[in-house]
Amino acid sequence: MMSFTEQEYLGLTLEHLDDVCDLLVNHFYPRDIITLGLGLSPENRLTLDLPHIRTCLASGLSVGAREKSTRRLVGVLLNYIFIADSTPKQTLKNYTTEAEMMQARFRKVLAIMTDKIDCPEEGSVMCSSRACVHSDFGQRGIISKLTEKSVIIATKQGFKMTSLIMTNPRVEKMFLRLGYKVHTTFDFCTLEEGLLDLSRMDHKQFKIMTKYLSPKSQL
C-alpha cells in the first residue's frame, strides 16, 4: 500500500482546470448520486458544472493531491466562498434544450441545499464540494489530508466556519472524526416528483455538515 510520502499536496488554480475535469469525469460523476438522480452522463454533468469548478479554482481555496512519481492529479477538494442569499434563485421560463432543463433541476437542488447553511454573524463560510479521489488511490487517507489542508487555509484566510454537503454515509463518518457536525439532514424523497430519479440513487439523503473555526483550529 502506498504511503502519504508518495503523494504531495498543492493549492489548485485555473491552470489545473483540465486535470481537475479529467479526474471528476472519470472518478466523481460516475458515482455521484446527484448526477445519477438527474440522469446525466458524466460528460454532460461536467459541462453544466464548469462554472462552479472555475469559481472554486479561481478562489485560491481548493486543494489537490498528486502522485509524486508521475505528477498526475489523484485527488481534489474544491472549495468556494459562500455568502448568505448568494445562491441564484430559479426563475420561471421555458427551457429549449434538455441540458437547460437538467441545469435548472440541478440549480434547484443546489439552492435547497445551500439555503440550509447558517452563516456566522461575522465572516463568510468556506464550503467544500466535489471531494474526489482516483479509484486506484482509495483508502489511503487522501480526502482526510485534503480536508486538513483546507481547514488550515480557511483558518489563515479568517473564515469562521467551513461547511460541506454530504451524500456518502461512509465518508460522513470520516468528517465526524475530523470535528465536523451534522447541521441539517434533508431527504431527497421530499423533493417534487420527477425532480430526481430516486431509483438510480443508492442514498436518499444529504446532510449539511459544519465545523466552526478558531484562530488556531487544528484537525
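Strand 4, helix 5 (residues 142–156) and strand 5 form a right-handed β-α-β unit, and that is a good place to start exploring this predicted model. Let us look at the two strands of the unit, then step back to the whole chain.

**The strands around the unit**

Strand 4 and strand 5 run parallel and are joined by 4 bridges. One place to see this pairing is Cys127, whose bridge partner in strand 5 is Ser163. Strand 5 also pairs with strand 7, this time in the antiparallel sense, over 6 bridges. Here Leu164 stands opposite Met209 of strand 7.

Is strand 5 mostly covered or mostly open? Strand 5 spans residues 161–166 and is mostly covered, with 5 of its 6 residues buried.

**The whole chain**

How many helices and strands does the protein chain have? There are 6 helices and 7 strands. Read from the N terminus, their order is β-α-α-α-β-β-α-β-α-β-α-β-β. Of the 219 residues in the chain, 46% are buried. The chain exposes about 11,700 Å², and carbon and sulfur atoms supply 49% of that area.

Many contacts link parts of the chain that are far apart in sequence. Among contacts between residues at least 6 apart, 77% join residues at least 24 apart.

**Two nonpolar cores**

The largest nonpolar core has 39 residues, and those with the most contacts inside it are Leu12, Val20, Leu24, Ile53, Val76, Leu78 and Phe188. Several elements give two or more residues to this core, including helix 3 (42–58), strand 3 (73–82), helix 4 (98–114) and strand 4 (125–133). Which element gives the largest share? That is helix 1, with 6 residues. Another core, of 23 residues, lies apart from this one and includes Leu77, Phe137, Ile142 and Met174.

Leu78 is a nice residue to zoom in on. Leaving aside residues up to four places away in sequence, Leu78 touches a set of residues that includes Leu12, Val20, Leu24 and Ile53. Cys127 and Arg130 are also among the residues that Leu78 touches.

**Some buried residues**

A residue counts as buried when its relative accessible area is under 20%. The table gives four examples.

| Residue | Relative accessible area |
|---|---|
| Cys127 | 3% |
| Cys132 | 1% |
| Thr35 | 1% |
| Arg130 | 13% |

Why does Arg130 count as buried? Arg130 has a relative accessibility of 13%, so it counts as buried, because the cut-off is under 20%. By the same rule, Cys127 is buried because its value is 3%.

Cysteines invite another question: how many disulfides does the structure hold? The structure holds 0 disulfides. As background, a disulfide is a covalent bond between the sulfur atoms of two cysteines.

Thr35 is found in helix 2. Leaving aside residues up to four places away in sequence, Thr35 touches Tyr29, Leu40, Ser41 and Arg45.

**Two arginines with positive phi**

Two backbone angles deserve a look as well. Arg130, which lies in strand 4, has a positive phi of about 55° although it is not a glycine. Arg71 has a phi near 65°, also a positive value in a residue other than glycine. Where is Arg71 placed? Arg71 sits in the loop between strand 2 (63–67) and strand 3.

Conventions:
Residues numbered from 1 in each chain as written. Predicted model: local features only at pLDDT ≥ 70, side-chain atom pairs only at ≥ 80, totals over all residues. Heavy atoms only, no water. Disulfide = S-S within 2.5 Å. Buried < 20%, exposed > 50% of the residue type's maximum accessible area, 1.4 Å probe, protein only. Contact = heavy atoms within 4.5 Å. Areas by Shrake-Rupley, 256 points an atom, 1.4 Å probe, with all protein chains shown as cover. Core = buried A, V, L, I, M, F, W, Y, C linked by side-chain atoms within 4.5 Å. Pairing = 2+ DSSP bridges. Right-handed = clockwise from strand over helix to strand, strands pointing away.
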